[in-house]
Amino acid sequence: MKTKNICKFISEPSFDKLDTHSFIYETNIPTMKQPSILKYNRIILVKNGNFMFQIAGAQIKVNTGSLIFAFEGESFSVTATAGEEYLYIDFSGGRADMLFRRLGINAGNRTFDGFDGLIPLWHESLIRASHDNIDLAAESVLLYSMSRINTTCNEQNTLVQQIIDITEDNFNNPQLSISIIAKELAYNAKYISHLFKQKMGVGYTEYLRMHRINYAIMLLDHGIDSVKNIASLSGFSNPMYFSSVFKQTVGVSPSEYNSKQSG
């Protein structure tokens, strides 16, 4: 008999301690700006605005829907203006450390974008919680949010790979841009541009330009010496612009590069 049951078993249940200490909806600008040393780990969800967090001496720029982690013992303050808001949960315990290791969350990987969908959950859970169940509300929101990080990271990696694949197939189209790719993938161009730079360490325009120049070098190495043809095959509609970009990138013009190879 068919059923609609969904069964997902936990292979390695953990009984390590996880304590939540506070669940806060922060709207007070002077409080945000006040420097402090964190007594506990903190997960922050930006509800509204563009913030600059100062965590352990580093400046971290985030916006609506960003999740940020700060750790026990780190210095913490926020640069904010009127109308900007965020929520946070302070927590500690052995299970917290285990989850950080499991999800790869650390001082070098503490910011995660695209979590706008969590904002209603956080807000409603905090508002509805009472003194008797605030610990349960905070823990459930914390764990659910962390469970989404792994899923979201996988989805983001897949999206970046799709961008790379489309670029591989279409780099010789002079019209190719992140806006065209965003339209094809049905994503916001600003979002995927930011995501690509975050994951790849270089902006998409620079990535595309380097891909085209590397292809042009390959053509030169294979004996094609017509700058006009190489420009066209590499995705540049203007040979003069191609020559300028090539020299800026490689250090010599295409014809000079060809002469050196021939010599």
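**Exercise 1. Place histidine 211 in its surroundings.**

*Solution.* Start with the secondary structure: histidine 211 lies in helix H7, where helices (H or I, at least four residues) and strands (E, at least two) are DSSP runs numbered from the N terminus. Next, look at accessibility. Histidine 211 has a relative accessibility of 18% and counts as buried, given that buried means under 20% relative accessible area, exposed over 50%, and partly exposed in between (1.4 Å probe, protein chains only). Finally, list its contacts (heavy atoms within 4.5 Å). Leaving aside residues up to four places away in sequence, histidine 211 touches Glu168 and Phe171.

A word on the model before going on: it is predicted, so local features need pLDDT of at least 70 and side-chain atom pairs count only at pLDDT 80 or more, while totals for chains, interfaces and linings use all residues. Residues are numbered from 1 along each chain as its sequence is written, and side-chain values use heavy atoms, with hydrogens and water left out.

**Exercise 2. Find the salt bridge within helix H7 and describe its two partners.**

*Solution.* Apply the criterion first: a salt bridge is a side-chain nitrogen of Lys or Arg within 4 Å of a carboxyl oxygen of Asp or Glu. In the whole structure, a search finds six salt bridges. One of them joins the side chains of arginine 209 and glutamate 206, at 2.2 Å from N to O. Both residues lie in helix H7 (residues 204-221), three residues apart, or about one turn of the helix. Then check exposure: arginine 209 is partly exposed at 27% relative accessible area, and glutamate 206 is partly exposed at 30%.

**Exercise 3. Which parts of the chain does the salt bridge of glutamate 74 and arginine 110 link, and are the two residues buried or exposed?**

*Solution.* Begin with the distance: the closest N and O atoms of glutamate 74 and arginine 110 are 2.9 Å apart. This pair links distant parts of the chain, 36 residues apart. Glutamate 74 sits in the loop between strand S6 (67-70) and strand S7 (75-79), and arginine 110 in the loop between helix H2 (94-103) and S9. Now turn to accessibility: glutamate 74 is buried at 12%, and arginine 110 is buried at 6%.

**Exercise 4. Work out the strand order of the five-stranded sheet, then follow strand S1.**

*Solution.* Recall that two strands pair if DSSP finds at least two bridges between them. The sheet is open, with antiparallel pairing and the order S1-S8-S3-S6-S9. Strand S1 (19-26) and strand S9 (111-112) are at the edges with a single partner strand each, so one side of each has no neighbour in the sheet. For S1, the pairing with strand S8 (residues 85-92) is antiparallel and has seven bridges. Within this pairing, aspartate 19 is opposite serine 92 of S8. Aspartate 19 also forms a salt bridge with lysine 17 (3.6 Å, N to O). Lysine 17 is exposed at 56% relative accessible area, whereas aspartate 19 is partly exposed at 27%.

**Exercise 5. Trace the partners of strand S4, then describe phenylalanine 76 in S7.**

*Solution.* Take S5 first: strand S4 (residues 50-55) and strand S5 (residues 58-63) run antiparallel and are joined by six bridges. Two residues lie between the strands of this hairpin, in which alanine 56 takes a positive phi near 55 degrees. S4 also pairs with S7, again antiparallel, over four bridges. Glutamine 54 shows both pairings: its bridge partner in S5 is glutamine 59, and serine 77 is opposite it in S7.

Phenylalanine 76 is in strand S7 and is buried at 4% relative accessible area. Beyond residues up to four places away in sequence, its contacts include Phe53, Gln54 and Ile55, as well as Pro35, Leu38 and Tyr86.

**Exercise 6. Characterise the second largest pocket.**

*Solution.* Step one is volume: about 360 Å³ for the second largest pocket. Step two is the lining: of its 13 residues, Asn63, Asp113, Lys190, Tyr191 and His194 are the closest to the centre. On a 1 Å grid over the protein atoms alone, a pocket is an open set of points where a 1.4 Å probe fits, with protein on both sides within 12 Å along at least five of seven lines, and lining residues have an atom within 4 Å of a point. The volume is the space filled by probe spheres set on the points, which are joined across faces, edges and corners. Step three is origin: S5 and helix H6 (189-200) each supply at least two lining residues. Step four is class: the lining has two nonpolar, seven polar and four charged residues, with Ala, Val, Leu, Ile, Met, Phe, Trp, Tyr, Cys and Pro counted as nonpolar, Asp, Glu, Lys and Arg as charged, and the others, Gly among them, as polar.
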